[in-house]
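Work through the following exercises on salt bridges with the sequence and the model at hand. Each task is followed by its solution.

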Amino acid sequence: MSQIIGLLNCHNSPELGGLTSSRPLASTSFLGRFAFCDFALSNFCNAGIDAIGVLVKDHQRSMLKHMGNLSSWTNNTKIGREVIFYNERGILNPAYNTDVANVKENDWVLYDSQASTIVVAAPHVVANIDLRPIIEEHLARGEDATFVYKPIKDADKEFIGSYVFKVDKDGYVLETAKNAGRKKEANVSLEVWIMKRDVLFEILRAHERVDMSFGFRETMEYLLKTGKFKFRAVPWTGYARRFDSFKHYIDYSFEMLNPEIASSLFVKDRPIYTLTHDTPPAIYGAKANVTDSFVSNGCIVEGTVRHSIVCRDVKVGKDAVVEDSIVFSNVSIGDKATVKNCVIDKYSIITARHAIEGDAKTPIYLKQGAIL
């Protein structure tokens, strides 16, 4: 789809406590070998979108490290490209460091392209969405913009803070509002927006004319109220989660240990791509005992791992126990050490015989590079 630009919008992602203190959610580890941005970028790739812009709000270093040579999510490396959008002036004035301002600062990408359609997605909504038929329908109908939503029956607990849509019988958005958790049933936005080039440029103009602190969501809400454009909404009924808290990070990660749930996200004909590290397979010692867990490549496991997610290049020593925990890359867990109900950030060291134990309701987070 050479006439389409995909924009990964990292500006509206929630904070996950210590996990996102030195990195954006987009580049935060998920399931041992992925980052959150991989899902939206793979959705672009699987739809044949070869021109991709990544709107980075902050922590540029972490995003650049994960994006690597900027080709992991491009089908056609000859004509396709991935570009980092970064608004340096916005860092000096955080109130105006919005996604719209970022696009305006990097609008040369739009002027260099003849693309007639823009697809925007967010990294904090994890879903494996088949965008191709949605885009094709959007183009066939000549819609101004198409939003993707998920009808849910637990909106009092999930997708809090997301936009919800009131939709008429023809599928057009009547109004939007933020989900305050007051109702159980709602049509929650998956923050996937497909729009005409003209609509994007009207958003850029309205942003400067109406309120320069507005982002995409607020500006499109304003345009909806003016009646200048009609926005259609289409449902997605597959797996979708909004990672908006440290608790949800843990809960949604562990639910992937259920093969039935995992298979609803990792679909055979729509693979999820990530940056390749070319590390060797995991090595298991003679007395290693691993159950109900994800263990990534490059690990050396000589102890016990139960109901846990272990990232690349982690060493679990002899007679050590890792249980109900998420262990980031390059962590060393010494012989006879115990780690339970914890999230251990990368480069940390748990020395021999040391025990660190949280509980299911209040898991412990150990910051990056900690030594115990």
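**Exercise 1.** Find the salt-bridge partner of Lys228 and place both residues in the fold.

Solution. Lys228 forms a salt bridge (a side-chain nitrogen of Lys or Arg within 4 Å of a carboxyl oxygen of Asp or Glu) with Glu202, and their closest N and O atoms are 3.3 Å apart. Lys228 sits in the loop between helix H8 (216–226) and strand S12 (231–235), while Glu202 belongs to helix H7 (residues 197–210), so the pair ties together parts 26 residues apart in sequence. Helices (H or I, at least four residues) and strands (E, at least two) are DSSP runs, numbered from the N terminus. This is a predicted model, in which local features need pLDDT of at least 70 and side-chain atom pairs count only at pLDDT 80 or more, whereas totals for chains, interfaces and linings use all residues. Residues are numbered from 1 along each chain as its sequence is written, and side-chain values use heavy atoms, with hydrogens and water left out.

**Exercise 2.** Is Glu202 buried or exposed, and which residues share its salt-bridge network?

Solution. Glu202 has a relative accessible area of 5% and is buried (under 20%; exposed is over 50%, partly exposed in between, with a 1.4 Å probe and protein chains only). Lys228, at 53%, is exposed. A network of salt bridges links Glu202 and Lys228 with Arg205 and Arg209.

**Exercise 3.** Locate the partner of Glu158.

Solution. The partner is Arg241, with the closest N and O atoms 3.7 Å apart. Glu158 lies in the loop between S8 and S9, and Arg241 in strand S13 (residues 240–242), so parts 83 residues apart in sequence are tied together. Both Glu158 and Arg241 are buried.
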